[in-house]
Structures are given as structure tokens and as C-alpha cells.
Amino acid sequence: MINLAIFDMDGTLTSKKDNQIPESTYQALEQLKKQNIKVVVATGRPIYGFDKDVMKKIGADAFVLNNGRIVLDNNNQKLFDEPIASDFLNTTLDLINQFELDYALHLEHETIMVRGDSIERVINTITSKTDHVRKGKKLPENLETYNIMVHILDTKQKEQLRTLLDLRK
């Protein structure tokens, strides 16, 4: 007997063609709920990347956001919240800065684009809610960061980063 169904958002619940949730998907989710199957939506998106009305219409029992770092119940109350550990964040940012990679940080309610125009283009393909995205060169201390988005522009950067990561093991 199935008790729980977990779905990815982008390309699974949403159409790859227009990034919208088809009505047939809403109907299928409703059928699962009628069978007392819990529905969970999981995504790498930050909280602001979800339209509250769409969340309500999906009617999931929980939403796993920011690649599992935040979990909300169906009333948008936090069930789980775990930002990236500060020591790991600092070490990672040191590596990113060493290689001058384009990157952004997903906080709970905003994204800070720290370096590079390429990262802005990537973010704009992920979300249309750019009012939660800002540029910032100087970061405040003790940011609660949930995701680090790095845009590696070429094979050389990729190999340099891989080599350095291997050396740290």
C-alpha cells in the first residue's frame, strides 16, 4: 500500500514546454489525496520561487524547498530549517573566490548575486520572481544561506575546481 508520493516540481509537476502545472496534474494529485496518500513536493527552488496560490492549489501535505534545507507544511509553517553550516559555507566561498567563479547565494527570502552576469541569466531562467534577487558584492556576516549557486563557465574552471576539491579530501 502506498502512503506517500513525492514529486519534483520542475519538469515533473510542471510542463517542460511552458513551466506551468497542467490541470490534469492537479486532478491526479487530488485523486491521490482521496486515496489518503500524502503528497509532498520537492524542489531546489527557494521559498520565494513558489507562488503561494499555486502552493495552495497543489494542496500538498508538505513542500521540501532549497534542496531539502527547508520543509514547510501545507499551512506554510516550517517543519524543518537547516542552513548550510558556516564553516562549510566559508570554505566553499573561499574556493569559489579563489577561482573567480560566478555565484549567488540563496537565503531564505532572497537571492544575492555576488559575482557575474552569467549567474543572473541562469537565475532568470529559473524564476520569474526577480524582485527577490539583488546584487551584492559585500556580504553581511553570518548569513543563513540555504544554497550556493555556482556557474562554471568553461572546462578549465571545472577542472581547476575539481583538482582543488580532490586535494582537500
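**Exercise 1. Determine which residues L65 touches, leaving out those up to four places away in sequence, and place L65 within the nonpolar interior.**

Step 1. With contact taken as heavy atoms within 4.5 Å, and with residues up to four places away in sequence not counted, L65 touches T43, R45, I47, F50, I70 and L72. The model is a predicted one, in which local features need pLDDT of at least 70, side-chain atom pairs count only at pLDDT 80 or more, and totals for chains, interfaces and linings use all residues. Residues are numbered from 1 along each chain as its sequence is written, and side-chain values use heavy atoms, with hydrogens and water left out.

Step 2. A nonpolar core is a set of buried Ala, Val, Leu, Ile, Met, Phe, Trp, Tyr and Cys residues joined through side-chain atoms within 4.5 Å, where buried means under 20% relative accessible area with a 1.4 Å probe, protein chains only. The largest such core has 20 residues, and L65 is listed with M9, V41, F50, I58 and F63 as having the most contacts inside it.

Step 3. Two or more residues of this core come from each of α1 (9–13), α2 (23–34), β2, α3 (52–58), β3 (62–65) and β4 (70–73), and α2 gives the most, with 3 residues. These elements are DSSP runs numbered from the N terminus, helices being H or I of at least four residues and strands E of at least two.

Step 4. A second, separate core of 14 residues includes L95, F99, Y103 and L143.

**Exercise 2. Work out the strand order of the open sheet and explain why one side of β1 and of β5 lacks a neighbour.**

Step 1. Counting two strands as paired if DSSP finds at least two bridges between them, one obtains an open sheet of 5 strands in the order β1-β2-β3-β4-β5, with mixed pairing.

Step 2. Because β1 (4–8) and β5 (78–81) stand at the edges with a single partner strand each, one side of each is left without a neighbour in the sheet.

Step 3. β1 runs parallel to β2 (residues 38–42), to which 5 bridges join it, and within this pair I6 stands opposite V40.

**Exercise 3. Describe the protein chain as a whole through its secondary structure, its dimensions and its burial.**

Step 1. The secondary structure comes to 6 helices and 9 strands, while the C-alpha trace spans about 55 × 30 × 30 Å along its principal axes.

Step 2. Of the 169 residues in the protein chain, 38% are buried.

Notes: Buried means under 20% relative accessible area, exposed over 50%, partly exposed in between (1.4 Å probe, protein chains only).
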